[in-house]
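Visitor: Could you take one small part of this model and walk me through it slowly? I am new to this, so please explain the terms as you go.

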Amino acid sequence: MQVYSVKEISDYIQNTLKKDPILSNVWVEGEISNFNKNISGHVYFRLKDDKALISCMIFKTMSLAKTINLKDGDKVQLRGSITTYQGSSTYQLLVKECKKSGTGDLFQKYLELKEKLEKEGYFSELTKKSITKYPKSIGVITSSTGAAVNDICRTIKRRYPICDILIYHCVVQGEQSAQSIIEGIKYMDDQNLDTMIVGRGGGSFEDLNSYNDENLLKAIYNAKTPIISAVGHENDFMLSDFVADLRASTPTAAAELATADFEELKIYLQESYAKINRILSRRFEDENQELEYYGKQLEFLGPKNIIKEHVDNLQKLKENLKKAYKKNLVDKYNQELNIYHKLNLLKPDKLLSLEIDKLNKVRITMIKNLISNISYKELILDSYKNNLLHLNPSTILEKGYAKVLKDDKNISSVDDVKKNDNIILIMKDGKLDTLVQNKEKFNE
């Protein structure tokens with residue numbers, strides 16, 4: 001029994017392919033997929049039809065590598081040799097010549113559906129919902145066994161750990177994948193979430209083609225919850241990216257777009273808190289200085305001091321009037337006494353006695369009039385004093401009334417203020433800063 005090494009078998013297969021008259025120089029027709037000019041200079045892509053695909057490559061040393069310019073979906077005819085890669089026991093087509101023959105059926109359907117949906121307004125920015133900046137819960141619709149779900153969850157927990165994550169496992173590739181994703185969207189849309197992420201990791205155009213399904217695109221468009229599409233890598237553009245409310249280049253990028261950075265938010269809140277404290281401290285200092293100023297102004301210009309000065313003046317005037325009336329009374333008495341003595345000197349006694357009686361009556365009348373006049377003046381002075389005391393704002397404030405100011409002006413009517421205006425109430429022992437919450441005018 002002959003036993004061969006793995007390399008011997010690989011070499012035998014490679015040599016067999018090189019000697020085969022068809023496989024060593026064959027024309028193959030199909031559709032371009034995953035076209036990539038590597039940074040090394042080599043060109044890699046796949047050629048496929050509706051049932052199979054084959055890997056293709058062009059070495060950088062070949063002139064075709066410098067001139068070939070294809071894109072996914074191009075339909076081409078390629079001439080080359082079937083070779084093997086011994087390291088992984090795979091075969092590939094080493095391309096030596098290329099002829100374009102049109103656009104591939106799969107990519108053509110993609111372009112036609114894209115044009116149709118764009119005309120119907122599915123890509124319009126006017127219908128897109130904004131992504132919640134600070135979400136409470138995020139739904140992830142992808143395969144629970146793929147790398148994408150791990151990248152999304154890890155990124156969300158790192159950036160915004162207070163957010164809940166709901167995962168809906170679905171098939172992301174193959175004939176049943178579109179319907180599976182649709183069911184996930186409908187389920188998550190009923191869970192009252194803030195955001196949904198729909199997507200998967202990278203793959204070929206045909207692997208990602210489920211996200212070009214028209215029914216899936218309509219489900220994304222009609223969802224109430226904002227949706228981020230995160231399919232494949234940076235260069236992969238599926239129609240779900242255009243219909244969704246936001247497109248992310250990768251699943252990790254979707255998680256970043258769906259959340260705020262918690263550490264940055266904490267720093268921002270701390271800085272804002274410190275800034276508000278500084279502003280409030282300065283404001284309180286300014287208000288205290290202003291209050292001290294107005295307090296001194298009220299003490300200096302307040303009506304209490306002015307009224308006290310007038311009361312003192314009135315009291316002095318009252319005392320002076322009393323003294324004047326008493327002096328006048330004494331003078332009148334002395335005058336009458338002089339007249340009496342003169343009459344006694346003139347005689348006759350009877351006439352003198354009559355005149356004396358008259359004079360006594362006149363004297364008594366004058367005294368009564370003077371006393372009555374003095375009492376009347378005292379009543380007037382007391383009335384003035386009482387009126388002044390009633391008009392004294394301090395007396396009014398003592399009874400529970402308050403003086404109302406707005407912008408340092410007296411307010412006497414509800415028409416002078418509006419709702420949410422700031423007003424100041426001057427009380428007997430201080431002032432209050434208040435906010436008008438409601439006002440009601442009494443019927444006249």
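Guide: Let's take a close look at one helix, and then at two single residues elsewhere in the chain.

Before we start, please note that this is a predicted model, in which local features need pLDDT of at least 70 and side-chain atom pairs count only at pLDDT 80 or more, while totals for chains, interfaces and linings use all residues. Residues are numbered from 1 along each chain as its sequence is written, and side-chain values use heavy atoms, with hydrogens and water left out.

Our helix is α6, which runs over residues 214-222. Helices (DSSP runs of H or I, at least four residues) and strands (runs of E, at least two) are numbered from the N terminus. Look for L216, L217, A219 and I220, the buried residues of α6. Buried means under 20% relative accessible area, exposed means over 50%, and partly exposed lies in between, using a 1.4 Å probe and protein chains only. Because these buried residues cover an arc of only 160° around the axis, they sit on the same side of α6; the arc is taken from the directions from the helix axis to the C-beta atoms. An α-helix has 3.6 residues a turn, so residues three or four places apart point the same way. Now turn to the other side of α6, where N215 and N222 are exposed.

N215 also takes part in what happens at the N-terminal end of α6, which is capped by D213. There, a side-chain oxygen of D213 lies 3.0 Å from the backbone nitrogen of N215. That is a polar contact: a pair of N or O atoms within 3.5 Å, where within protein one must be able to donate a hydrogen and the other to accept it, and residues adjacent in sequence count only if both atoms are side-chain atoms.

With that term in hand, move along to D245, in the loop between α7 (239-243) and β10 (246-247). D245 counts as buried, at 12% relative accessibility. Its side chain has a polar atom 2.7 Å from the backbone nitrogen of K129. The backbone nitrogen of I227 also has a polar atom of the D245 side chain 2.8 Å away.

Our last stop is H169, in strand β7 (residues 164-169). H169 is partly exposed, and its relative accessible area is 46%. Find I141 as well: H169 and I141 are 28 residues apart along the chain, yet 6.3 Å separates their C-alpha atoms.
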